[in-house]
Amino acid sequence: MQAMVSVDTSTRASSGRRPRQRADLRRCVGRDARRRPFVVLVAAPQHAMSWGRSADPGDVTDRYRRRMLALGFRGHPHASPSSTHYLIGWESNHLRGVLVARRLHRNRCDSVSRVRKTAVLAGGICAPDERPGHAARAHVTEDACDDLELQKVSAWLMSRPLSMHFTRAVDDAVRYVLDGARTGRFDLLSPEVDSDERASVGTKLQYRVLNELGLYKEPPLDTRILHVPVELKATIRSNWMIPTEGQCQISILIQVDTAMRRHRAFLMRTHRAWLNEGANKDGKRGIAAEALRRFSIPLVAWTPLPAEPLARLTPEQLAVVFAPRVGQTARLTALFGFLPDTVIPRSSIETVCFGNKDPLRRARQAKDAVRSTSGLEVLVGTWVQDQIRAEKLGFDLKDGAWMATSATGIVASIGSTPLHPGIW
């Protein structure tokens, strides 16, 4: 059997009076015992602690081993054949009443080791962290293929074009946080965007996902799918922080990679046993990487977000497009000249003209200037004739997008400059 336990530290247990309560056990093993699981080695089974009302050491040993195997643990790696080892505590006591020792025989404790779990298994015993007004009920974890509610929610989600829905939701949430029309920002990693704003992407994304899927905000979690409560969690980091109320519940997990401009999603029942031991000040815990790999259902693989054309400009080009004290028409003329044969969404035009009124009117006024300076024709996505011309050239001007193209649709590449930059 593979080893499921690694030893962090080891201390010599102190002798003295017989500890009768958990507080005494904590004094025996040290203050940190409340924060990690710990194992007690005793000389032989006949000197072991009793389990509940059972005084038969053999019965204690058998019950202990069954519990430990179900949890994915095996014994202390340095135990001798005559030694018997018992798990008698757990971080945050989230298995309290399941694996808590009642009594330890005096002077029979050879050593105490604090251990950490390095593997997760299905079929183990789990209970969520305690929270006011809610009882923490122990239950058995199930593999994703055996979880009927999880499979039901998964089937409902898989019957929909999730990639399209989630891409639209993520892109909208990011653009909402950037608020380019007021701030001129288009990159979430820009120093002008503080960490609190980046963190708010997850909150904004929840409501956009609900809207895309035609769901409503419903207690006790974020929504319900086929009458099953579902939590929605999104992150721009490498992990999701699961709140106490979301433990052992079904969660849609969306991850946004802002550097690569992509996203992916999973469906998982976030059992407490599959969460990391460390918690933040709000009691939220991250998902163990191995648990995510083994027990989640992939919903959407890494999918690129819609391109932001402003991110393709060089620093020199950005300095021209966002030059201070320059009119909107001049800015947009430079933008179209720098990005030939590139679909430019309406939001990018609003970002270039941030803080000003009616930027689309200024974009229409720039058509003649773009033709005279760069020899390009500006196509407007809201004009049917321009939409048809764009389709013939292989471009889609949906949602009111714009683009500048030559008469043949073959122009210089992205790094080009306007033909007559002297107007700036």
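**Exercise 1. Place D222 and trace its surroundings.**

D222 is buried, at a relative accessible area of 8%; buried means under 20% relative accessible area, exposed over 50%, partly exposed in between (1.4 Å probe, protein chains only). The model is predicted: local features need pLDDT of at least 70, side-chain atom pairs count only at pLDDT 80 or more, and totals for chains, interfaces and linings use all residues. Residues are numbered from 1 along each chain as its sequence is written, and side-chain values use heavy atoms, with hydrogens and water left out.

Step 1: locate the residue. D222 sits in the loop between α6 (195-213) and β7 (223-225). Helices (H or I, at least four residues) and strands (E, at least two) are DSSP runs, numbered from the N terminus.

Step 2: list the contacts, meaning heavy atoms within 4.5 Å. Residues up to four places away in sequence are not counted; D222 then touches Q206, L210, Y216, K217, V230, E231 and L232.

Step 3: find the polar partner. The D222 side chain reaches the backbone nitrogen of L232 at 2.8 Å.

Step 4: check the loop for a cis bond. P220 is also in the loop between α6 and β7. The peptide bond from P219 to P220 is cis, with omega near 10°.

**Exercise 2. Which side chain of opposite charge is nearest to E231?**

Step 1: place E231. It lies in strand β8 (residues 228-235).

Step 2: check the charge. E231 is buried yet has no salt bridge, a term for a side-chain nitrogen of Lys or Arg within 4 Å of a carboxyl oxygen of Asp or Glu. The nearest side chain of opposite charge is K233, 4.5 Å away.

Step 3: list the contacts. Leaving aside neighbours within four places in sequence, E231 meets L221, D222, P243, I250, S251 and I252.

**Exercise 3. Find the buried residues of α3 and how they are arranged.**

Step 1: name them. In helix α3 (residues 148-158), the buried residues are L150, V153, S154, W156 and L157.

Step 2: explain the pattern. They cover an arc of only 160° around the axis, so they are on the same side of α3. The arc is that of the directions from the helix axis to the C-beta atoms.

Step 3: inspect the start of α3. There a side-chain oxygen of D147 reaches to within 3.3 Å of the backbone nitrogen of E149.

**Exercise 4. Are D341 and D399 buried or exposed?**

Step 1: take D341. Its phi is near 55°, a positive value in a residue other than glycine. At 19% relative accessibility, D341 counts as buried.

Step 2: take D399. Its phi is positive, about 55°. At 71% relative accessibility, D399 counts as exposed.

Note on methods. Polar contact = N/O pair within 3.5 Å; in protein donor to acceptor, adjacent residues only side chain to side chain. Lys, Arg positive; Asp, Glu negative; His and termini not counted.
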